[in-house]
Amino acid sequence: MKTISILNLKGGVAKTFTAVNMAYELYRRGFKVLLIDNDKQGNASRAYGRYDAESIAPITRMLSGEWQRAGEIIQHTEYEGIDIIAANLSLFGAAWNLTREENENQIERYKKLATAKLLGYGWAKFDYIEVQRAYDYCIIDNPPDIGLNVVNALAITDEVIVPVKIDEDALEGLDIVAEQIEDAKAFNERLHLGGVLVTSYQNTDGEAAGVEWLAQNGKYKILGVIRYSKKVAESSFMRKPIYEYSPCCGAAQGYKKFITEYTGKAR
């Protein structure tokens with residue numbers, strides 16, 4: 001299982017939209033995906049119809065360590081091949097409580113997920129299988145901060161993808177994320193920055209120049225460019241992946257191309 005964190009310390013750059021649609025595009029190519037909603041707002045959970053405001057969220061139980069079996073925190077979605085660990089505002093309290101603990105495993109709360117075992121999750125009905133063998137990809141949707149829930153996510157992450165909008169602050173935000181990743185390598189040596197995904201791109205002279213400059217800078221690999229589309233807001237409102245809602249729009253085609261190039265597998 002390859003674990004990818006979607007992260008940027010700036011808000012409004014389509015982090016959740018990217019996580020949700022990466023999961024869907026990977027699923028369309030036949031991969032089994034675990035989506036972890038690591039943001040107290042729970043928007044990725046809403047997107048897949050698993051947001052529950054009334055109960056303690058599965059991600060909260062994972063951060064607090066109050067779970068025994070993976071089946072207690074992993075839920076199916078309507079897509080056979082996409083499962084989710086959902087979030088809600090209860091995550092805020094768990095992260096706050098963890099900061100007050102003087103405990104060696106503050107940053108290791110998510111680590112036992114990989115070796116936790118699932119029973120009958122569509123792979124073998126009567127056999128247990130480790131989570132890390134049950135899924136091909138784990139996508140983590142992170143909030144725009146570096147709280148202990150994000151630090152715990154980085155501790156299990158292989159690769160970080162940074163969604164960015166081209167503006168004057170884009171590079172500054174990238175540099176901050178890169179610094180945080182370097183710091184996190186102290187407790188996760190395999191962690192690395194995979195690259196940048198340009199989102200909400202409009203083909204103006206200014207944005208075209210920004211993408212060209214970013215490419216020529218050579219510091220950060222550009223993994224893809226997602227065009228702006230009014231269908232993005234509509235698909236979010238309708239709780240549907242963009243390709244399912246409007247497959248011909250620029251954003252849907254952008255995510256399709258990005259995942260095809262990222263995995264080397266077309267669909």
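Helices here are DSSP runs (H or I) of at least four residues, numbered from the N terminus. That is the sense in which the legends below talk about α2, α8 and the rest, and keep in mind that this is a predicted model.

**Figure 1. A close-up of A44, a residue of helix α2.**
A44 is found in α2, the helix that runs over residues 43-47. Is A44 buried or exposed? With a relative accessible area of 0%, A44 is buried, since anything under 20% counts as buried. Leave out the residues up to four places away in sequence, and A44 still touches T16, V20, L35, D37, I84 and D141. T18 makes a handy landmark in this view: T18 and A44 are 26 residues apart along the chain, and their C-alpha atoms are separated by 9.8 Å.

**Figure 2. The whole chain, for orientation.**
Step back for a moment before the next close-up. The chain has eleven helices and ten strands. Its radius of gyration is 18 Å, close to the 18 Å that the globule rule gives for 267 residues, so the chain is as compact as a globular protein of that length. Along the principal axes, the C-alpha atoms fill a box of roughly 55 × 40 × 35 Å. Buried residues make up 49% of the 267 residues. Now look at who touches whom: among contacts with a separation of 6 or more, 75% are between residues 24 or more positions apart. As for the outside, the accessible surface comes to about 12,700 Å², and 48% of that belongs to carbon and sulfur atoms.

**Figure 3. Helix α8 and its two faces.**
Helix α8 covers residues 205-217, which makes 13 residues. From first C-alpha to last, α8 reaches 18 Å, close to the 18 Å expected at 1.5 Å a residue. Which residues of α8 are buried? They are E207, G210, V211 and L214. Look down the axis of α8 and these buried residues fall within an arc of 95°, so they line one face of the helix. Here's the general idea behind that pattern: an α-helix has 3.6 residues a turn, so residues three or four places apart point the same way. Turned away from the buried side is a face of α8 that carries the exposed residues D205 and Q216. Just after the helix comes G218, which takes a positive phi of about 75°.

**Figure 4. Helix α11, seen the way you just saw α8.**
Helix α11 spans residues 250-263 and has 14 residues. Its reach, first C-alpha to last, is 20 Å, close to the 20 Å expected at 1.5 Å a residue. The buried residues of α11 are A251, A252, G254, Y255, F258, I259 and Y262. Around the axis they cover an arc of only 160°, which puts them on the same side of α11. Flip to the other side of α11 and you meet K257 and E261, both exposed. Just after α11, G264 takes a positive phi of about 75°.

**Figure 5. P241, a proline in a loop.**
P241 lies in the loop between α9 (231-237) and α10 (242-245). Being in a loop doesn't put P241 on show: its relative accessible area is 2%, and P241 is buried. What does P241 contact, once its neighbours within four places in sequence are left aside? The list is N21, Y24, Y48 and Y79. For a sense of scale, take E172, which is 69 residues from P241 along the chain; the C-alpha atoms of the two are separated by 30 Å.

**Figure 6. A few of the salt bridges.**
Side chains of opposite charge can pair when their charged atoms come close. How many salt bridges does the structure hold? There are ten. One of them joins the side chains of E72 and R69, at 3.6 Å from N to O. E72 is partly exposed, with a relative accessible area of 24%, while R69 counts as exposed at 53%. Another brings together K185 and E182, at 3.0 Å from N to O. K185 is partly exposed at 29% relative accessibility, and E182 is partly exposed too, at 47%. A further bridge links the side chains of E244 and K240, at 3.6 Å from N to O. Both partners are partly exposed: E244 has 32% relative accessibility, and K240 has 36%. Elsewhere, salt bridges that share partners join E25, R28 and R29 into one network.

Notes
Residues are numbered from 1 along each chain as its sequence is written. This is a predicted model: local features need pLDDT of at least 70, side-chain atom pairs count only at pLDDT 80 or more; totals for chains, interfaces and linings use all residues. Side-chain values use heavy atoms; hydrogens and water are left out. Helices (H or I, at least four residues) and strands (E, at least two) are DSSP runs, numbered from the N terminus. The expected span of a helix is 1.5 Å times one less than its number of residues. Buried means under 20% relative accessible area, exposed over 50%, partly exposed in between (1.4 Å probe, protein chains only). The arc is that of the directions from the helix axis to the C-beta atoms. A salt bridge is a side-chain nitrogen of Lys or Arg within 4 Å of a carboxyl oxygen of Asp or Glu. The radius of gyration is taken over C-alpha atoms; the globule rule is 2.2 Å times the number of residues to the power 0.38. Contact means heavy atoms within 4.5 Å. Accessible areas come from the Shrake-Rupley method with a 1.4 Å probe; for residues, only the protein chains shown count as cover.
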